[in-house]
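Here is a short briefing for a first look at this structure. Keep the sequence and the 3D view side by side while reading.

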Amino acid sequence: MIIYMIVLLIVLILIGVGVLFYLRNQKRTAVEKVELRKEEIKALPFQNELVKVKDLQLKGEAKMKFEDWKYSWQNVLKNDLDESELHINEADEALDRFRFKESSERIDESHQTLDSIEQKYQTLSAEIDDYVSRAKEDRIKYEECRTIYREAKRDVLANRHQYGEAARPLEENIERFLPALTEYEQLTSEGNYESAHFKITEVHDQMTRLKSDMEEIPLLIRDVQKELPGQFQEIRYGCRDLKVEGYNLDHVKVDSNLQTLKGKLNLVEPLIARLQLDEAEEIIADINGTLDEMLELVEIEVMAKNNVEKSKELITDELFYAKDMNYTLRTEIEYVRDNYYIDEEDIQKVRQYDNEIQSLIAVYDEILSEMAKSAVRYSEVEDNLTYIKDHVGTINTEQEKLQQHLTALREYEREAQSHTLKIQSRKEDVFRKLMASNLSSIPERFIIMKNEIDIETREAHALFNKRPMHVEHVRDKVQKVLSMMNTFEQEVLTMLQQASYAEALIQYGNRYRKDHADLNKDLIEAERLFSNNRYKRAVEIAETAIERVSPGAPVQIEKRMNEMN
C-alpha cells in the first residue's frame, strides 16, 4: 500500500513538473513576439523621413530642425529601446525561475515602451511632413504673389483711366510688396523657413486683398460717377412727373434727401483715391439704402392710387346698399311691430346704423372732393377707404341678419301653428288607440299627461292671439308641447306593445296549465298584474314561466308580434 502511495506521489510530481515546463514554453513564445516587435521598431525608416528635409536649403532654421529631429530619434533608439530590452531580459529570467506573473508584467511593460516609441515616431514624422508641406505651400503662395505683382502693375498701367486718382496710390502699394518678396527669397535661401512662412503669409493676404480692391475700385468709381447720379436724376424726374399727375409726395422729401445724398457721394471719390474702400463702401451702402426707402415710399403711393381707383366704385355701391337696406329695415319694423314683438335693442341698432352710414357717406364725399381739387397722398386715402369699406361691410352683414329675422317672423308663426295642429291630431290619434285597446282600464297617468298637453296647447293658442306676438316665446311654448307629446306617444305605444305581448304570452301558456302547477301559479300572478296595468312585470313573469316549459317560445312570440306590427 505504501509503495502505491509513493508511486502515485511521484506521478503527480512528474505531471506538475511537466505542466510547469509546458507553461514556460507558452510564455517563452510571448517573449519571442515582443523581441520580434522590438526589432521591427528598431528598423523603422526614420532616415527616409529626414531625407525629405534635405530637399530644402539645409541651413539656418532648417538645419537646426533637422539636427533636433535626428537627435530626438537617436535618443529614442538609445534610451527607450534599451529600456524595452531590459524588460525583455527580466521577463526571460523570470521564466527561467518559473515566475510566470512577473514575466507577464515585464512583457506588458516592454510593450508599453514600444508603444511609446511608435507614438514618438509618428509625432516626429508628422512634424517633418508638416514642415516640408508648409514650405512647399509657402513657395506656391510666393509664386501667386509674384503673379499678382506682375498683373497688378500691368493692369494699372494699361487701364489707368479706370482707377482715376487711385492709380498712383495703387502703384505705390504694389511696389511696396517687392522688398517683402525679396526678403522671403533671402530667408528661404538661408534655410529660415519658419520666418519665411510668417512673412509670405502676411504678404499673400495683403496682395490678395489688393487684387480684390483693384477689381472693386472700377465698380465703385462707376457707381460714383454714373450709376448713382443717374438714379438721382431718375428719381427727381419721376417724382416730378408723379406730382403733375396729382400725387402728394411731400413725405418722401425728394429734393432735400437727394441733396443730402449728393453731399455724401462727394465724399466717396477722395476715399477711393486714398484706398479707404471700406469707408467708401459703407457710404455707398447708406446711399443705396436711402434710395430704396424713397423708392418704396413712391411705390406705395402708386399702388395705393391703383387700389383707390379699384375700390371707389365698390365702396359707393356698398354705401348705397347699406343706406337702402337701413331704410327698408326701418320701414319693415314700423310695419310689423304692431303684430310681432321687436326687441328694442334691434330698433336702436337700426337707428345707430343709420347714423353711422350717414357719417361714412359724409367722410367719403369729403375724400372724393379732396381728391378732385388737389395733390393727393394716396396711401392715406387708401387707409381711410379701407376703414370705410370694412365698417360698411360690417354694417351690411348685421343689417342682413336683422332683415332675415324680420322676414322669418311670419314663417316662424306659421311653423308654430302647424306644429300645434299636428300635436293636436297626434294626441287624439294616440288617445283613440288607447281607448280602442282591450285594456281593463286606462292608466291615470296617461289621462294626466293628455290634460297637461291640452293645457299647454291652450296657452300656446293664447300666445298666438296676443298682439304684438312674441315669436320666441311662442316657439319655446310649442317646442315644450311637442316634447310632452313625444313622451306621451312613446309611453302609450310602449305600454300597448307590452300589454299585447303579455296577453299573447298568457294565451300561449294556457296549454301547459294542467300539466305544470308552477306555470299555472305564475300565469295567475301575471293575469293579476295585467289587470292592475302592470304589464312590464306581467311580461317578465310570463316569459320566465313559459321559458321553463317551452324554451325559445317567448322569443318566437315576440318576433311574430313585431312582424305583425
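Asn533 sits just after helix 15 and takes a positive phi of about 65 degrees. The model is predicted. The points below start with helix 15 and then move to other parts of the chain.

**Helix 15**

- Helix 15 spans residues 517-531, 15 residues in total.
- From first C-alpha to last, helix 15 reaches 21 Å, close to the 21 Å expected at 1.5 Å a residue.
- Five of its residues are named as buried: Leu519, Leu523, Ala526, Leu529 and Phe530.
- These buried residues lie on the same side of helix 15, because they cover an arc of only 115 degrees around the axis.
- Ala517 and Lys521 are exposed on the other side of helix 15.

**Positive phi at Leu275**

- Most residues other than glycine have a negative phi.
- Leu275 has a phi near 60 degrees, a positive value in a residue other than glycine.
- The loop that holds Leu275 runs between helix 9 (268-273) and helix 10 (277-336).
- Leu275 has a relative accessible area of 22%, so the residue is partly exposed; the cut-off for buried is under 20%.

**Helix 7 against helix 8**

- Helix 7 covers residues 193-244, and helix 8 covers residues 254-266.
- Their axes come within 11 Å and cross at roughly 175 degrees.
- Helix 7 and helix 8 are therefore roughly antiparallel to each other, since angles over 145 degrees count as such.
- On the helix 7 side, the contact is made by Val224, Leu228, Pro229, Phe232, Ile235, Arg236 and Cys239.
- Helix 8 contributes Val254, Asp255, Leu258, Leu261, Lys262 and Leu265.
- Of the residues in this contact between helix 7 and helix 8, 10 are nonpolar, three are charged and none is polar.

**Lys389 and its surroundings**

- Lys389 belongs to helix 12 (residues 378-436).
- With a relative accessible area of 38%, Lys389 is partly exposed.
- Which residues does Lys389 contact, leaving aside its neighbours within four places in sequence? They are Leu314 and Ile315.
- Glu318 is 71 residues away from Lys389 along the chain, yet their C-alpha atoms are separated by 7.7 Å.

How values were computed. Residues numbered from 1 in each chain as written. Predicted model: local features only at pLDDT ≥ 70, side-chain atom pairs only at ≥ 80, totals over all residues. Heavy atoms only, no water. Helix = DSSP H or I, 4+ residues; strand = E, 2+ residues; numbered from the N terminus. Expected span 1.5 Å × (residues − 1). Buried < 20%, exposed > 50% of the residue type's maximum accessible area, 1.4 Å probe, protein only. Arc of directions from axis to C-beta. Axes fitted to C-alpha atoms, helices over the stretch in contact; angles between N-to-C directions. Parallel < 35°, antiparallel > 145°, perpendicular 65-115°, else oblique. Contact = heavy atoms within 4.5 Å. Nonpolar A, V, L, I, M, F, W, Y, C, P; charged D, E, K, R; others polar.
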